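Good morning, and thank you for making time for this presentation. I would ask you to keep the sequence and the model in view while I speak.

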Amino acid sequence: MQTKTPVAVLGGTGLVGQRLVQLLANHPWFEIREIGASERSAGKSYRDAVAWKLPTPLPAAAAQLTVKPVDPGQITAPVVFSALDAAVADVVEVLFAQDGRAVISNARSHRMAADVPLLVPEINASHLGVLAAQRQRQGGNGFIVTNPNCSVIGLCLALAPLVRERRLQRMVVTTLQAASGAGYPGVPALDLIDNVIPFIGGEEEKLEIEPQKIFGTVRDGRIEAVELLVSAHVHRVPVSDGHTLAVSAAFDRAVTPEQAESWMREFRAEPQSRSLPSAPDPAIVVLNEPDRPQPRLDRMAGGGMAVVVSKLRVCPVLGLKFEVLSHNTVRGAAGGTILIAELLKAEGLLP
Ligand code: NAP
């Protein structure tokens, strides 16, 4: 039997870190050897440090690990999943990369650097082509690859089959985002119960700039963004997991709802053709019921790795409109970074 690649989870006590611990527990290629978190947690067993919020039992192998500080001198795994707060990830992820580690990050810190892939493996696997330039800039053999914002992943994955056929020009997206998107403990219950909050710091900006990079192309070791206008409205809603998006989009040539449905249903990409362990197949689940998708019913489609699309119809303003749902801590975070790591391993970029 092949030995598994040892990995570390930085920010392992947070909501995304817990998902990583859950999803990596029986992974065929990776094995968690180390968990890092803040000084509040370091030195404790993971069982004592974490406030475990998932409905499956805390994995026994992870429970007995001693949490370490997020220091490349103390964490030795060659592959590092980062679920750190951006304020910490800014510096710490660079230190790990400079120390020769492969860093796969959920944080926003390095997403927009031109030589850092902002990866959705079904869309822009070719962006890994910038890693040589990144290594040269940072020095050493390590690198950083990032996962897009949790709403942006669902949005772009739903659009990917349409972008293969048409040039996407403009879109308006309105999000209804789950409480777990704010981490733990997140938004106070008394602010969120019986309420909708039309503000999530920095989120509209991410929706308005990340898609251009994801659909961009590599030139001379840099990712060049495509031209695309996006207007975003974001809302925090009292849902535990699963971000819903209402999307209206304009293309250079008309797309009928029937065409969009058939392109989405037929959509297969590299993770599916290479049978990566976490790849959902199909990646896009199209529903025809007019009252779907619903977070409670649909967020675990494809093990939480598929996006669910419904209500494909004509938009009288922009041309085409539809609803998207994706699981923010699975596809939008932990599961998304694991799929990236699987792609890196399949490409020979991980030990
Ligand atoms: P969270 O629940 O607040 O967890 C934050 C983690 O960072 C904890 O493990 C915490 O450790 C650690 N941390 C905080 N300050 C630290 C420090 N000074 N040094 C070392 N570790 C420190 O947040 P989350 O929701 O899991 O999000 C983690 C990252 O993923 C963020 O960058 C977030 O933007 C991104 N993200 C989140 C989602 C989502 O749906 N939640 C989706 C996509 C991306 P302690 O427990 O020891 O404090």
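Let me begin with a term: two strands are said to pair if DSSP finds at least two bridges between them. Please also bear in mind that what we are looking at is a predicted model.

I turn to the sheet that holds the lower strand numbers. In what order do the six strands of this open sheet lie? The order is 3-2-1-4-5-6, and the pairing is parallel. The edges are taken by strand 3, residues 68-69, and strand 6, residues 143-146. Each of these has a single partner strand, so one side of each is left without a neighbour in the sheet.

Within this sheet, consider strand 4, residues 79-82, and strand 5, residues 102-105. Four bridges connect strand 4 and strand 5, in the parallel sense. One bridge can be named residue by residue: V79 has A102 in strand 5 as its bridge partner. Against the sheet packs helix 1, residues 15-24, which touches strand 1 (5-10), strand 2 (30-37) and strand 4. The direction of helix 1 makes about 160 degrees with that of strand 2.

I now move to another sheet. It is an open sheet of six strands as well, with the order 10-7-11-14-13-12 and mixed pairing. Which strands stand at its edges? They are strand 10, residues 229-233, and strand 12; each has a single partner strand, so one side of each lacks a neighbour in the sheet. From one strand to the next, the twist averages 25 degrees.

The mixed pairing can be followed strand by strand. Strand 11, residues 243-251, runs antiparallel to strand 14, and seven bridges join the two. Among these residues, T244 has L325 of strand 14 as its bridge partner. Strand 14, residues 319-326, is also joined to strand 13 by six bridges, again in the antiparallel sense. Here R313 stands opposite K321 in strand 14. Strand 13 and strand 14 form a hairpin, with three residues between them. Strand 13, residues 307-315, pairs in the parallel sense with strand 12, residues 284-286, over three bridges. In that pairing, V285 stands opposite V308 of strand 13.

Next, the helices beside this sheet. Helix 7 packs on the sheet and touches strand 7 (168-176), strand 11, strand 12, strand 13 and strand 14. Its direction makes about 135 degrees with that of strand 14. Helix 9, residues 203-214, lies across strand 7 and strand 10, and runs at about 155 degrees to strand 10.

Helix 7 has a further neighbour. Its axis, over residues 150-165, and that of helix 10, residues 257-266, come within 9 Å of each other and cross at roughly 110 degrees. Angles of 65 to 115 degrees count as roughly perpendicular, and helix 7 and helix 10 are therefore described in that way. Which residues make the contact? From helix 7 they are A158, P161, L162 and E165, and from helix 10 they are A260, W263 and M264. Sorted by class, this contact has six nonpolar residues, no polar residue and one charged residue.

I come now to the ligand. How many residues surround the ligand? There are 27, and the closest are T13, S38, R40, S41 and L84. A polar side-chain atom of S41 lies 2.4 Å from an oxygen atom of the ligand. The backbone contributes too: a polar backbone atom of G11 is 3.1 Å from a ligand oxygen atom, and a polar backbone atom of S180 is 2.9 Å from a ligand nitrogen atom.

Finally, some details of the backbone in the loops. Y184 and P185 are joined by a cis peptide bond, with omega about 5 degrees. P185 belongs to the loop between strand 7 and helix 8, residues 189-192. A cis peptide bond also joins D281 and P282, where omega is about 10 degrees. P282 is placed in the loop between helix 11 (270-273) and strand 12. D194, in the loop between helix 8 and helix 9, has a phi near 60 degrees, a positive value in a residue other than glycine.

That concludes the presentation, and I thank you for your attention.

Key. Residues numbered from 1 in each chain as written. Predicted model: local features only at pLDDT ≥ 70, side-chain atom pairs only at ≥ 80, totals over all residues. Heavy atoms only, no water. Axes fitted to C-alpha atoms, helices over the stretch in contact; angles between N-to-C directions. Parallel < 35°, antiparallel > 145°, perpendicular 65-115°, else oblique. Contact = heavy atoms within 4.5 Å. Nonpolar A, V, L, I, M, F, W, Y, C, P; charged D, E, K, R; others polar. Near = heavy atom within 4 Å. Polar contact = N/O pair within 3.5 Å; in protein donor to acceptor, adjacent residues only side chain to side chain.
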